[in-house]
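Welcome! Please take a moment to look over the sequence and the 3D view before you try the exercises.

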Amino acid sequence: EENINEVRSVASISKIMTAVIAIESGKLDDKVTIGSEINTSYGSGIYIKEGEVLTLRDLLYGLMLRSGNDAALALGYKYSGEIDDFIYLMNKTKEEIGMKNSSFENPHGLDGMTNNFTTAYDLAILYSACYKIDFFKEVFRSKTYKSVNFEYKILNFKNKHRLVHSETNCLGGKTGYTKKAGRTLITGFEDRFKNLYFFLIYC
């Protein structure tokens, strides 16, 4: 370990917490109608449009595999219509699981008017909590995801995380990048006996 409690901007790794809140707030087959907030999205995305209808599962895979900022906004607005309510839940959850040096101000991790900060130690706590949820075990390790939305538009996502494709003992995780944060990464691995787990975190 090195600098495990240094507070840093972590870019799209923030989306892990976004996924946690979304999963706790609904069922994977819930329908989500994309609102006008999607028109403010920029950067990486899954290219969804206002008025489209997707499942919560579709958005979560787009969020985690393609790092869709548009998916993050759609999830952030889904349940209350107010992004501040979603951000409140993000910060409440980080306190509940013991992330003592983290702050979430948006659901996507982009740096701008709002910024998300955390530490390598807190990210390890978050990853450990996520790996107790069956959905995360599935999505973290998924190489691809294919679905058809309610407008018969084909959704075909390939995981941006290269280690998922190249390392058989990789448990998956999340990558990120902004100019302020630089390259960020959290990934889990298991030994060949599948009884020892360790993290690779770079932020």
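Three exercises follow, each with a worked solution.

This is a predicted model, where local features need pLDDT of at least 70, side-chain atom pairs count only at pLDDT 80 or more, and totals for chains, interfaces and linings use all residues. Residues are numbered from 1 along each chain as its sequence is written, and side-chain values use heavy atoms, with hydrogens and water left out.

**Exercise 1.** Work out where Ser-142 lies and what it touches.

*Solution.* Start with the chain: Ser-142 sits in the loop between helix 6 (134-141) and strand 5 (144-148). Helices (H or I, at least four residues) and strands (E, at least two) are DSSP runs, numbered from the N terminus. Next, check its cover: Ser-142 has a relative accessible area of 12%, so it counts as buried (buried is under 20%, exposed over 50%, partly exposed in between, with a 1.4 Å probe and protein chains only). Then look for partners: a polar atom of the Ser-142 side chain lies 2.7 Å from the backbone oxygen of Glu-138. Finally, not counting residues up to four places away in sequence, Ser-142 is in contact (heavy atoms within 4.5 Å) with Tyr-61, Leu-65, Asn-159 and Val-164.

**Exercise 2.** Describe how strand 7 is covered and how it is joined to strand 8.

*Solution.* First, count the covered positions: seven of the nine residues of strand 7 are buried. Second, find the partner: eight bridges join strand 7 to strand 8 (residues 182-190), and the two run antiparallel. Two strands pair if DSSP finds at least two bridges between them. Third, pick out one position: Gly-176 stands opposite Thr-184 in strand 8. Last, follow the chain from strand 7 to strand 8, and you pass through a hairpin of three residues.

**Exercise 3.** Is Asn-115 buried or exposed, and which residues is it in contact with?

*Solution.* Begin with the location: Asn-115 belongs to the loop between helix 4 (83-97) and strand 4 (117-118). With a relative accessible area of 13%, Asn-115 is buried. Now compare sequence with space: Asn-115 and Glu-105 are ten residues apart in sequence, yet 5.7 Å apart in space, C-alpha to C-alpha. To finish, leave aside neighbours within four places in sequence, and the contacts of Asn-115 are Ser-103, Glu-105, Asn-106 and Lys-180.

Technical notes:
Polar contact = N/O pair within 3.5 Å; in protein donor to acceptor, adjacent residues only side chain to side chain.
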